[in-house]
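Colleague: I would like to learn how to read a structure step by step, beginning with a single residue and then moving on to helices and strands. Could you guide me through this one?

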Amino acid sequence: MKTNLITRSGYERLQQELQHLWRVERRETVEKVSWAASLGDRSENADYKYNKQKLRKIDSRIRYLTKRIEQVKVVDYSPQQDGKVFFGAWVEIEDEDGHVRAFQIVGPDEIYDRKDAVSIDSPMARALLKKQVDDEAEVRTPQGTKVWLINKISYQQPA
């Protein structure tokens with residue numbers, strides 16, 4: 001089950017994607033479909049078939065985004081969160097072998113195309129919630145339990 005939380009920047013990215021799909025991608029694709037349809041026989045018209053399929057994908061994504069934007073709850077930073085890991089936190093952790101990872105805990109809609117994000121629904125994020133700097137978090141993985149030490153917590157993206 002997806003959590004319906006999203007950061008302010010994630011919400012804005014979803015809205016920008018929706019606007020781009022609606023105002024640019026869909027408009028261009030509809031023009032291409034109309035042009036290809038005007039050429040005549042649609043059964044052997046590759047341009048028509050390809051763009052019609054693309055239009056269906058765009059419309060499907062528009063429907064999904066429209067519905068999802070209505071469902072999500074934007075979570076903004078609050079000064080009460082300082083010093084502990086909560087939704088939206090940038091966290092730096094280190095394992096027993098000295099491997100360091102840094103990421104932001106975000107909603108499930110924000111993790112795609114990002115290497116510096118972990119979903120709030122993930123075992124890692126769940127193990128880190130409400131912890132402080134120098135606390136240890138045990139994360140259960142298919143390979144076994146792994147212990148991570150929290151080095152830094154911030155609510156602003158590191159430079």
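Modeller: Let us begin with one residue, keeping in mind that this is a predicted model. E70 lies in helix α2, and its C-alpha atom is separated by 9.9 Å from that of N4, although the two residues are 66 residues apart along the chain.

Colleague: Is E70 buried or exposed?

Modeller: The cut-off for exposed is over 50% relative accessible area. E70 has 65% relative accessibility and therefore counts as exposed.

Colleague: Which feature does UniProt place at residues 5-74?

Modeller: The record, an unreviewed entry, gives "domain: Transcription elongation factor GreA/GreB N-terminal" for residues 5-74. In the model, this span is 80% helix and 7% strand, and its end C-alpha atoms lie 6 Å apart.

Colleague: How should I describe two helices that pack together, and what is the case for α1 and α2?

Modeller: Two packed helices are described by the angle between their axes and by the distance between those axes. Here, helix α1 covers residues 8-37 and helix α2 covers residues 46-71, and their axes come within 9 Å and cross at roughly 155°. Angles over 145 degrees count as roughly antiparallel, and α1 and α2 are therefore roughly antiparallel to each other. The crossing in which α1 passes α2 is left-handed, and the residues of this contact divide into 16 nonpolar, 4 polar and 9 charged.

Colleague: What should I look for in a sheet, and in which order do the 5 strands come here?

Modeller: Strands of a sheet pair through backbone hydrogen bonds, and the pairing is either parallel or antiparallel. In this model, 5 strands form an open sheet in the order β5-β4-β3-β7-β6, and the pairing is mixed. The edge strands are β5 and β6 (136-141), each of which pairs on one side only. If direction is ignored, neighbouring strands of this sheet are turned by 45° against each other on average.

Colleague: How many bridges join β3 to β4, and in which sense do these strands run?

Modeller: Strand β3 (residues 90-95) and strand β4 (residues 100-106) run antiparallel and are joined by 5 bridges; within this pair, E92 stands opposite A102 in β4. The two strands form a hairpin with 4 residues between them, and in the turn G98 has a positive phi of about 90°.

Colleague: Where can I find a parallel pair?

Modeller: You can find one where β4 meets strand β5 (residues 117-119), since these two pair in the parallel sense over 3 bridges. To follow the pairing residue by residue, notice that Q104 has A117 in β5 as its bridge partner, while I105 has V118 in β5 as its partner.

Colleague: Which residue in the loop between β4 and β5 should I look at?

Modeller: Look at D113, which lies in that loop and has a phi near 65°, a positive value in a residue other than glycine. D113 is also exposed, with a relative accessible area of 86%.

Colleague: What is the phi of D134, and where is this residue placed?

Modeller: D134 has a positive phi of about 75° although it is not a glycine, and its place is in the loop between α3 (123-128) and β6. With 59% relative accessibility, D134 counts as exposed.

Note on methods. Residues are numbered from 1 along each chain as its sequence is written. This is a predicted model: local features need pLDDT of at least 70, side-chain atom pairs count only at pLDDT 80 or more; totals for chains, interfaces and linings use all residues. Side-chain values use heavy atoms; hydrogens and water are left out. Two strands pair if DSSP finds at least two bridges between them. UniProt positions are given in the numbering used here, feature names are shortened, and annotations may be inferred rather than shown by experiment. Axes are lines fitted to C-alpha atoms, for helices over the stretch in contact, and angles run from 0 to 180 degrees between N-to-C directions. Angles under 35 degrees count as roughly parallel, over 145 as roughly antiparallel, 65 to 115 as roughly perpendicular and the rest as oblique. A crossing is left-handed if the near helix is turned anticlockwise from the far one by less than a right angle, and right-handed if clockwise. Ala, Val, Leu, Ile, Met, Phe, Trp, Tyr, Cys and Pro count as nonpolar, Asp, Glu, Lys and Arg as charged, and the others, Gly among them, as polar. Buried means under 20% relative accessible area, exposed over 50%, partly exposed in between (1.4 Å probe, protein chains only).
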